[in-house]
Amino acid sequence: MAGHTLGGLASRFGLESRGDVATPIDGVCNLSPGKPGCLSFLSSPQYRKFLTETAAAAVIVRPRDAAALTGAGLIAKDPYLAYARIAALFDPDRNFEPGIHPSAVIDPAAKIGEGVLIGANVVVMARASIGAGSSIGAGCVIGEDTVIGEGARFVAQVHVGNRVCIGRRCHVQPGAVIGSRGFGNALGPSGWEEVPQLGSVVIGDDVEIGANTCIDRGALDDTLIANGVRLDNLIQIAHNCSIGEHTAIAACTGIAGSTRIGARCMIGGAVGISGHLEITDDVVILGRTMVTRSLTEKGAYGSDLPVAPAREWRKRTVRVRRLDQTERRLTSIEKTLGIESKKGNEGDDGGDD
Amino acid sequence: MAGHTLGGLASRFGLESRGDVATPIDGVCNLSPGKPGCLSFLSSPQYRKFLTETAAAAVIVRPRDAAALTGAGLIAKDPYLAYARIAALFDPDRNFEPGIHPSAVIDPAAKIGEGVLIGANVVVMARASIGAGSSIGAGCVIGEDTVIGEGARFVAQVHVGNRVCIGRRCHVQPGAVIGSRGFGNALGPSGWEEVPQLGSVVIGDDVEIGANTCIDRGALDDTLIANGVRLDNLIQIAHNCSIGEHTAIAACTGIAGSTRIGARCMIGGAVGISGHLEITDDVVILGRTMVTRSLTEKGAYGSDLPVAPAREWRKRTVRVRRLDQTERRLTSIEKTLGIESKKGNEGDDGGDD
Amino acid sequence: MAGHTLGGLASRFGLESRGDVATPIDGVCNLSPGKPGCLSFLSSPQYRKFLTETAAAAVIVRPRDAAALTGAGLIAKDPYLAYARIAALFDPDRNFEPGIHPSAVIDPAAKIGEGVLIGANVVVMARASIGAGSSIGAGCVIGEDTVIGEGARFVAQVHVGNRVCIGRRCHVQPGAVIGSRGFGNALGPSGWEEVPQLGSVVIGDDVEIGANTCIDRGALDDTLIANGVRLDNLIQIAHNCSIGEHTAIAACTGIAGSTRIGARCMIGGAVGISGHLEITDDVVILGRTMVTRSLTEKGAYGSDLPVAPAREWRKRTVRVRRLDQTERRLTSIEKTLGIESKKGNEGDDGGDD
């Protein structure tokens with residue numbers, strides 16, 4: 001973590017530098033107010049004014065902002081991305097000493113790869129396999145016959161059920177549950193009976209799974225999470241869902257069973273998606289949207305009404321509830337005037353369910 | 001798991017068979033494409049066409065579909081239910097070897113029934129009691145004086161607080177928290193003060209509780225979950241709620257304090273139910289509904305607006321916000337025409353608070 | 001827990017008593033039906049009728065209700081608050097025997113204060129510090145360099161990441177995750193790349209954190225939770241949020257990154273608040289509200305439509321979707337009549353987004 005210089009970073013990350021290449025870089029910081037000895041970045045032009053004021057030792061800027069650099073800096077096509085990569089050098093949680101904590105309970109039939117850290121009180125069950133270079137933090141439970149690829153980072157207290165398959169370099173936050181029972185129940189003569197969930201969960205490479213997020217196992221086929229998917233905290237992925245490559249989902253969103261979501265979608269927080277739907281590639285769903293039909297066209301979607309002062313909100317709900325009356329009043333006026341109205345069932349936000 | 005035949009399953013589950021009773025059945029599968037050696041089921045007529053194409057060795061069908069069976073099969077009044085019961089034979093997670101893992105921490109004053117599995121790193125506190133034939137998986141914490149009935153299946157990392165009472169054959173997924181503190185706070189002169197939550201949680205028989213679902217303990221009386229209730233993942237049940245028999249609740253739903261929900265209700269995902277309400281028996285609440293009043297009539301209920309393309313969604317919210325103006329325009333026209341409108345405060349979706 | 005009398009409680013809590021000061025008080029109870037030997041309270045006048053019927057040994061009442069007391073009682077300006085404080089005497093979970101369970105894994109470089117309870121299978125990592133008089137329950141994981149103040153109560157299975165700072169007397173329910181990675185990702189040429197989250201979480205004194213609630217660490221600066229904040233279960237607090245003193249947030253609410261919430265706010269359940277907003281002090285947000293703009297005026301806010309029978313709900317959504325048509329019909333009538341309408345884009349619940 002020590003000993004970085006502006007010039008060293010420039011050559012390591014293939015960037016052009018401005019100013020003294022010997023400038024020591026000891027960390028990263030925000031642009032305003034900035035921190036001496038640290039590297040910052042400018043991604044949005046609205047913060048350009050901070051370039052002259054920042055206490056940062058150097059700033060990563062776009063080529064078009066290079067002229068505005070008054071001090072040292074790095075030039076990058078995408079300063080935020082360059083920042084992200086450089087900042088990883090200063091992340092104290094990225095490095096770990098391999099080793100197996102004596103309190104860990106590892107089944108003799110489990111396979112632990114080279115250079116793996118197994119933390120305190122971890123449980124690795126029979127025939128599970130942990131890929132080389134992985135870090136499985138304190139209190140994780142890894143089920144029977146589960147395979148975890150190389151370079152995994154499971155922070156702590158993660159649950160992975162039996163027979164789950166997880167790719168390489170997946171990063172899982174505490175409390176995540178992967179491979180819980182799908183919510184399948186059949187109504188019998190004296191109440192609900194469990195429908196066994198015999199499928200599993202298959203997760204690709206470079207997937208991030210947030211804290212306390214749940215991914216249920218499939219009923220017969222598997223629940224699928226493709227390469228590069230990003231899941232925030234407290235998300236529910238029900239049985240037999242499929243999430244396409246590089247789709248990102250924000251916190252508190254729930255997706256019901258058997259829904260298929262395409263690649264590169266951006267799904268906001270607290271969205272609810274019904275079961276058995278198809279969401280095509282490159283769909284953007286705004287926060288708190290209720291999705292009850294398939295979305296076959298790429299583009300952005302929303303549904304929720306925005307906040308209002310409570311007094312106005314109450315009036316608004318009353319007005320929405322008497323829309324039938326409002327429409328009848330209109331019809332009555334049209335009759336009086338002999339106007340024929342062009343009525344239909346579809347509004348111009350048409351097509352919903 | 002091995003050695004099943006069609007005829008053996010027919011007699012074991014009291015079903016009529018078609019075709020060769022010696023047909024070996026090694027597992028279960030979907031109808032399409034189906035899997036050789038496996039048993040599938042046909043519950044919806046829309047999939048009847050797959051009967052001739054399926055690779056399955058046999059299919060469970062309704063009596064009315066028996067004639068359409070081209071291969072072997074079983075006849076059941078409810079094929080999905082028959083499938084659920086037969087599939088349990090092929091569930092590798094149903095069986096376990098009883099025994100207490102040496103890493104488990106069991107208070108000398110706890111009682112462990114016969115044939116119980118206590119997994120690695122489980123903690124069972126003073127005077128807790130685990131019923132015969134239960135499986136308490138790795139990392140569970142069972143509080144003091146808590147009673148868990150026979151045949152429990154706690155997958156892993158479940159938390160059960162002190163003095164909780166859980167019936168027989170309950171199935172609890174990882175990360176569930178049963179008996180956390182109710183959210184009771186009183187405003188004192190220098191901020192919130194805790195109102196002790198001295199009640200507990202009482203759970204009936206055959207209850208399923210999903211991953212990371214939370215059930216708070218009562219303030220004075222207990223939070224009650226009746227027999228046969230099914231709770232999906234990431235559900236919040238606040239203090240002093242009562243959930244009636246065989247009610248099923250989908251993921252991400254939250255129920256505020258002291259609300260009483262009847263029997264056999266079906267509550268969708270991401271529903272929010274306010275506190276101190278009564279929901280009668282046999283109510284169906286659609287996903288993402290906001291329930292702010294008691295529901296005293298059985299039937300289905302909804303509230304949320306469905307998804308629309310963002311451009312239309314934005315127009316829609318503008319139009320809803322100017323409904324006051326729309327109504328004023330109407331009134332002004334009516335005045336011009338000398339029409340008296342039948343106005344009221346209630347629309348025809350009436351009755352909501 | 002034994003040996004309390006009405007007179008003893010009166011003098012201990014500075015309250016006036018009515019009736020026999022020697023009345024033994026063995027617990028607390030609801031007013032109706034009440035429990036012999038127990039103390040109850042009357043806070044709402046609507047329950048005054050129960051004063052004569054209750055089986056409680058004594059009741060805490062407001063001065064104005066003192067005349068209505070037919071039996072023994074205590075007089076308090078705020079009976080609920082007085083009840084809360086007295087009830088703590090009868091809370092069996094408040095007391096613990098200090099000591100370190102032999103199964104706990106405590107790094108030699110960690111500091112454990114005096115009178116601390118460390119439960120079974122707890123993990124305390126390098127250089128973490130646990131304040132005097134704290135109780136860290138079974139299965140908690142406390143990260144490196146994390147500081148927890150005096151008198152903490154961490155029930156069980158809590159996760160606290162590295163370098164987190166938590167004040168005094170914080171009460172944390174099972175499954176809470178404090179200091180998980182913020183959801184920061186930058187789009188690179190072959191998919192999402194992680195933006196390191198190098199900030200931490202700083203939590204004040206007397207904060208309550210509910211079961212399975214998640215608080216992410218900041219990207220560069222810290223996520224801040226001020227003194228006296230109350231967080232219910234299953235809440236998401238994203239990176240770099242700041243929550244002001246004594247703000248209370250109900251279950252299932254999610255707050256996106258960098259949003260600043262003022263002091264003494266009351267935020268209902270399942271609220272969704274977008275990122276980079278400012279919510280001023282003393283704001284009340286009703287349950288299930290979607291907040292997509294800053295709220296700069298104190299007061300109450302709402303947004304969601306309330307429940308309706310499904311048949312009416314479907315009609316309502318159709319009518320909302322054809323509001324464009326409704327408005328066009330109005331305009332056409334106005335034209336016919338030669339009325340000029342006062343149209344605008346803003347309704348009277350104005351100002352939203």
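**Note on the predicted model, with most attention to chain A**

1. In this predicted model, Asp205(A) counts as buried, because its relative accessibility is 14%. The residue lies in the loop between strand 24 and strand 25 of chain A, and, when neighbours within four places in sequence are left aside, Asp205(A) is in contact with Gly167(A), Arg168(A), Arg169(A), Cys170(A), Asn227(A) and Gly228(A).

2. Asp206(A) has its place in that loop too, between strand 24 (201-203) and strand 25 (208-209) of chain A. With a relative accessible area of 28%, Asp206(A) is partly exposed, whereas Asp205(A) is buried. The backbone of Asp206(A) also deserves a look, since phi is near 60 degrees, a positive value in a residue other than glycine.

3. A second aspartate with a positive phi is Asp282(A), where the angle is again near 60 degrees. Asp282(A) sits in the loop between strand 36 (278-279) and strand 37 (283-285) of chain A, and its relative accessibility of 27% makes it partly exposed.

4. Another loop residue to inspect is Val164(A), placed between strand 18 (159-160) and strand 19 (165-166) of chain A. Val164(A) is buried, with a relative accessible area of 1%. What does Val164(A) touch, not counting residues up to four places away in sequence? The list consists of Asp145(A), Thr146(A), Val147(A), Ile178(A), Gly179(A), Ser200(A), Val201(A) and Arg217(A). From C-alpha to C-alpha, Val164(A) is 9.2 Å from Asp222(A) in space, although the two are 58 residues apart in sequence.

5. Gly119(A) is also found in a loop, here the one between strand 11 (117-118) and strand 12 (123-124) of chain A, and it is buried at a relative accessible area of 10%. Once its neighbours within four places in sequence are set aside, the residues in contact with Gly119(A) are His101(A), Ala104(A), Ile136(A), Gly137(A) and Ala138(A). Phe96(A), which is 23 residues away from Gly119(A) in sequence, lies 11 Å from it in space, C-alpha to C-alpha.

6. For the chain as a whole, the secondary structure of chain A comes to five helices and 40 strands. The radius of gyration of chain A is 26 Å, where a compact globule of 353 residues would have one near 20 Å, and along the principal axes the C-alpha atoms fill a box of roughly 85 × 65 × 35 Å. Among contacts in chain A between residues at least 6 apart in sequence, 18% join residues that are at least 24 apart.

7. Turning to surface and charge, buried residues account for 60% of the 353 residues in chain A. The accessible surface of the chain is about 13000 Å², and 52% of that area belongs to carbon and sulfur atoms. Chain A carries 36 positive and 39 negative charges, and the mean positions of these two sets are 7 Å apart.

8. How many disulfides does a search of the whole structure find? The search returns zero over all chains. Cys252(A), for its part, is in no disulfide, and the nearest cysteine sulfur, which belongs to Cys252(C), is 8.0 Å away; Cys252(A) counts as buried, at 17% relative accessibility. In chain B, the sulfur of Cys38(B) has its closest cysteine sulfur in Cys29(B), but the distance of 4.9 Å is too far for a bond, because a disulfide requires the two sulfur atoms to be within 2.5 Å. Cys38(B) is likewise buried, with 9% relative accessibility.

9. A cis peptide bond appears in chain A from Ser32(A) to Pro33(A), with omega near 5 degrees, and Pro33(A) is found in the loop between strand 4 (27-28) and strand 5 (38-41) of that chain. In chain C, the bond from Ser32(C) to Pro33(C) is also cis, with omega near 5 degrees, and Pro33(C) lies in the loop between strand 4 (27-28) and strand 5 (38-41) of chain C.

10. A last point concerns helix 2 of chain C, residues 79-87, which is largely enclosed by the rest of the structure because seven of its nine residues are buried. Those buried residues are Pro79(C), Leu81(C), Ala82(C), Tyr83(C), Ala84(C), Ile86(C) and Ala87(C).

Definitions and conventions:
Residues numbered from 1 in each chain as written. Chains lettered and ligands numbered in written order. Predicted model: local features only at pLDDT ≥ 70, side-chain atom pairs only at ≥ 80, totals over all residues. Heavy atoms only, no water. Helix = DSSP H or I, 4+ residues; strand = E, 2+ residues; numbered from the N terminus. Rg over C-alpha atoms; globule rule 2.2 N^0.38 Å. Buried < 20%, exposed > 50% of the residue type's maximum accessible area, 1.4 Å probe, protein only. Contact = heavy atoms within 4.5 Å. Areas by Shrake-Rupley, 256 points an atom, 1.4 Å probe, with all protein chains shown as cover. Lys, Arg positive; Asp, Glu negative; His and termini not counted. Charge placed at Lys NZ, Arg CZ, Asp CG, Glu CD.
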